[in-house]
Amino acid sequence: MNYYADKQLVSEAITPNGVGYILSEDNMLDQTKLMVMNDPNKDYFVQGARSRYNGNTKITYFVSGLSPLSEQIERMTPDNFVSVTASIFKTITEIIGTGFFKYPDIDASINKIFVDTSNLSVHMVCLPINYKYAAGSDGLSVMRALRSDLLRIMSERPRLRDSADIIRLKAIVANGELSAKDIYRDICRMSPMPQQPMRTMPVLRCVNDSVPDIRVTKTPFVIGRSQVNADGFVGADKMAVGRRHCEIIDNGGDFCVVDKESKCGTRLNGVPLRPLRPYPLSNGDSLMIANLLFKVSM
């Protein structure tokens, strides 16, 4: 949880993508930090926008195409995890290096650390808060909590804990004397530095309507017209699409689509799907969800 949320200075907001904060006071917002956060040359930030919510300032973050670390852990190899951990501490070093953000501004909880699965780069949520609200904080609690989360993951996940590289990584992360920059340096000294990418998650691009791209970020991933019950929201006005029309699942390492007994049906490359049965997805497939036609990219 973010430092400011723990102090009840901000509260988490309900947003379509699930990432947002409401400030308890308008004068908490630091406009300069907001500009730095949205600098396109500083892509290690998750960009955000200011709006109003029930009379308060709200910051909404744009995470399309990124996946929370908490949802990617189970599919990570030891090499993947070492690379992502290195990227986390590199990103923190770059954020602090801007000179505008301090450790309390960073939300370093694992469900707010976002990973680009194509290259294992990390993008972090930061709050553009006037630093006077963090008076008295040395920021150590942020690093302690992050270290604790990473060590717990490495100890609990059977796929990770017995790896020689993970054992070495645990020793580095557990060293409380090291700064974020020092941890990144020491991970880079592990030879060779792993570069293995994670597999690409499916993206569905609608070709016969103005529905935004649907980026699958986890499995199972439900697609439908319910903003509450669907992970991939097609729009409440798409009445032919069921509230929970179909879902993308991981079936033994292959991505598959499953029709959820929808009224108007699902077709893969023109073939109607039998409800509740998995059908493998491939790059370039055509997926018809009711009357919406999507092209599959993987």
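Let me start with the secondary structure of this protein, which comprises eight helices and 19 strands, and let me say at once that what we are looking at is a predicted model.

On overall dimensions, the C-alpha atoms fill a box of roughly 60 × 55 × 30 Å when it is taken along the principal axes. The radius of gyration is 21 Å, which agrees with the value near 19 Å that a compact globule of 298 residues would have. Of those 298 residues, 49% count as buried, and if we take the contacts between residues at least 6 apart in sequence, 58% of them join residues that are at least 24 apart.

Turning to the surface and the charges, the protein exposes about 14,200 Å², and carbon and sulfur atoms supply 49% of that area. There are 36 positive and 32 negative side chains, and the centres of these two sets lie 3 Å apart.

Now I would like to go through some individual residues, beginning with a lysine. Is Lys33 buried or exposed? Lys33, which is found in helix H2, residues 31-37, counts as buried because its relative accessibility is 2%, and the cut-off for buried is under 20%. Where does the side chain of Lys33 reach? It comes to the backbone oxygen of Ile129, at 2.6 Å. Leaving aside residues up to four places away in sequence, Lys33 touches Phe100, Phe101, Asp105, Pro128, Ile129 and Tyr131, so you may wish to have that set on the screen while we talk.

The next residue is Val19, which lies in the loop between strand E1 (10-12) and strand E2 (20-23). With a relative accessibility of 4%, Val19 counts as buried, and its contacts, again without residues up to four places away in sequence, are with Ile59, Thr60, Tyr61, Val63, Lys112, Phe114 and Val125. Measuring from C-alpha to C-alpha, Val19 and Gly48 are 9.5 Å apart in space, while in sequence they are 29 residues apart.

Towards the other end of the numbering we come to Met288, whose place is in strand E18, residues 286-289. Met288 counts as partly exposed, at 25% relative accessibility. Apart from residues up to four places away in sequence, Met288 touches Asn208, Gly265, Thr266, Arg267 and Leu293, whereas its C-alpha atom is separated by 48 Å from that of Asn130, a residue 158 places away along the chain.

Following E18 there is Ala290, in the loop between E18 and strand E19 (292-297). Ala290 has a phi near 60°, which is a positive value in a residue other than glycine, and at 15% relative accessibility Ala290 counts as buried.

A positive phi also appears at Leu276, where the angle is about 65° although the residue is not a glycine. Leu276 is found in the loop between strand E16 (271-272) and strand E17 (278-280).

Finally, which peptide bond is cis, with omega near -5°? That is the bond from Thr219 to Pro220, and Pro220 itself lies in the loop between strand E10 (214-215) and strand E11 (221-224).

Notes
Residues numbered from 1 in each chain as written. Predicted model: local features only at pLDDT ≥ 70, side-chain atom pairs only at ≥ 80, totals over all residues. Heavy atoms only, no water. Helix = DSSP H or I, 4+ residues; strand = E, 2+ residues; numbered from the N terminus. Rg over C-alpha atoms; globule rule 2.2 N^0.38 Å. Buried < 20%, exposed > 50% of the residue type's maximum accessible area, 1.4 Å probe, protein only. Contact = heavy atoms within 4.5 Å. Areas by Shrake-Rupley, 256 points an atom, 1.4 Å probe, with all protein chains shown as cover. Lys, Arg positive; Asp, Glu negative; His and termini not counted. Charge placed at Lys NZ, Arg CZ, Asp CG, Glu CD. Polar contact = N/O pair within 3.5 Å; in protein donor to acceptor, adjacent residues only side chain to side chain.
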